[in-house]
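This report sets out what can be read from the coordinates of one protein chain. It proceeds from a pocket to the overall fold and then to individual residues.

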Amino acid sequence: MERCGQKYMTAVVKLFGPLTRNYYIRAVLHLLLSVPAGFLLATILGTACLAIASGIYLLAAVRGEQWTPIEPKPRERPQVGGTIKQPPSNPPPRPPAEARKKPSEEAEAAEGPSAGPQTNPIPVTDEVV
């Protein structure tokens, strides 16, 4: 996945070729940039950061890493017929779930203990004051 603004930096790095792609060269450039900044007290933290980055690039170069651009892959459009495994048996608009019950389910529900009117075990009285 490409990060925000990465395609512009990719074009710049590709333009300079091996000068920016090789991590040994990057390590030397970072180290050379950190030397003049080390003479001023106000930039000593930046010097330390550049020196650490130089060390990281040198370690990566020793391990054989190299920068390669992330190229966007052409998107393959799926075949319309190939993505549909089985078309729906009941196309939209579909009735609500209660109306979609099969007749056998309704017969089983009617035969159960809830058949007929329910009786309330607690007597209810309507007292109007």
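## The largest pocket

How many nonpolar, polar and charged residues does the lining of the largest pocket have? In this predicted model, the lining comprises 6 nonpolar, 4 polar and 2 charged residues. The volume of the largest pocket is about 250 Å³. Its lining is formed by R3, Q6, M9, T10, V12, V13, L19, T20, R26, L29, H30 and W67. Two or more lining residues come from each of the elements α1 (6–16), α2 (18–21) and α3 (23–37). Helix α1 makes the largest contribution, with 5 residues.

## Overall fold

The chain contains 6 helices and 0 strands, and its order along the sequence is α-α-α-α-α-α. Of its 129 residues, 11% are classed as buried. The exposed surface of the chain amounts to about 11,800 Å², of which carbon and sulfur atoms supply 64%.

Contacts between residues at least 6 apart in sequence were also examined. Of these, 59% join residues that are at least 24 apart.

## The annotated segment

The unreviewed UniProt entry assigns the annotation "transmembrane region" to residues 39–60. In the model, residues 39–60 are 77% helix and 0% strand. The C-alpha atoms at the two ends of this stretch lie 28 Å apart.

Residue A53 belongs to helix α4. Is A53 buried, exposed or partly exposed? A53 has a relative accessible area of 21% and is therefore partly exposed, since the buried class requires a value under 20%. The C-alpha atoms of A53 and H30 are separated by 6.9 Å in space, while the two residues are 23 apart in sequence. H30 is also one of the residues lining the largest pocket.

## Residue T10 and its contacts

T10 is located in helix α1 and is one of the residues that line the largest pocket. Why is T10 classed as buried? The classification follows because T10 has a relative accessible area of 10%, and the cut-off for a buried residue is under 20%.

Which residues does T10 contact, apart from its neighbours within four places in sequence? T10 is in contact with W67 and P69. W67 is likewise among the residues lining the largest pocket.

## Residue E71 in a loop

E71 is situated in the loop that lies between α4 (44–62) and α5 (80–83). With a relative accessible area of 44%, E71 is partly exposed. This class applies because the value falls between the limit for buried residues, under 20%, and that for exposed residues, over 50%.

Where does E71 stand in relation to K7? The two residues are 64 apart in sequence, and their C-alpha atoms are 8.9 Å apart in space.

Methods: Residues are numbered from 1 along each chain as its sequence is written. This is a predicted model: local features need pLDDT of at least 70, side-chain atom pairs count only at pLDDT 80 or more; totals for chains, interfaces and linings use all residues. Side-chain values use heavy atoms; hydrogens and water are left out. Helices (H or I, at least four residues) and strands (E, at least two) are DSSP runs, numbered from the N terminus. Buried means under 20% relative accessible area, exposed over 50%, partly exposed in between (1.4 Å probe, protein chains only). Contact means heavy atoms within 4.5 Å. Accessible areas come from the Shrake-Rupley method with a 1.4 Å probe; for residues, only the protein chains shown count as cover. On a 1 Å grid over the protein atoms alone, a cavity is a set of points where a 1.4 Å probe fits but cannot get out, and a pocket is an open set with protein on both sides within 12 Å along at least five of seven lines; lining residues have an atom within 4 Å of a point. Grid points are joined across faces, edges and corners, and a volume is the space filled by probe spheres set on the points. Ala, Val, Leu, Ile, Met, Phe, Trp, Tyr, Cys and Pro count as nonpolar, Asp, Glu, Lys and Arg as charged, and the others, Gly among them, as polar. UniProt positions are given in the numbering used here, feature names are shortened, and annotations may be inferred rather than shown by experiment.
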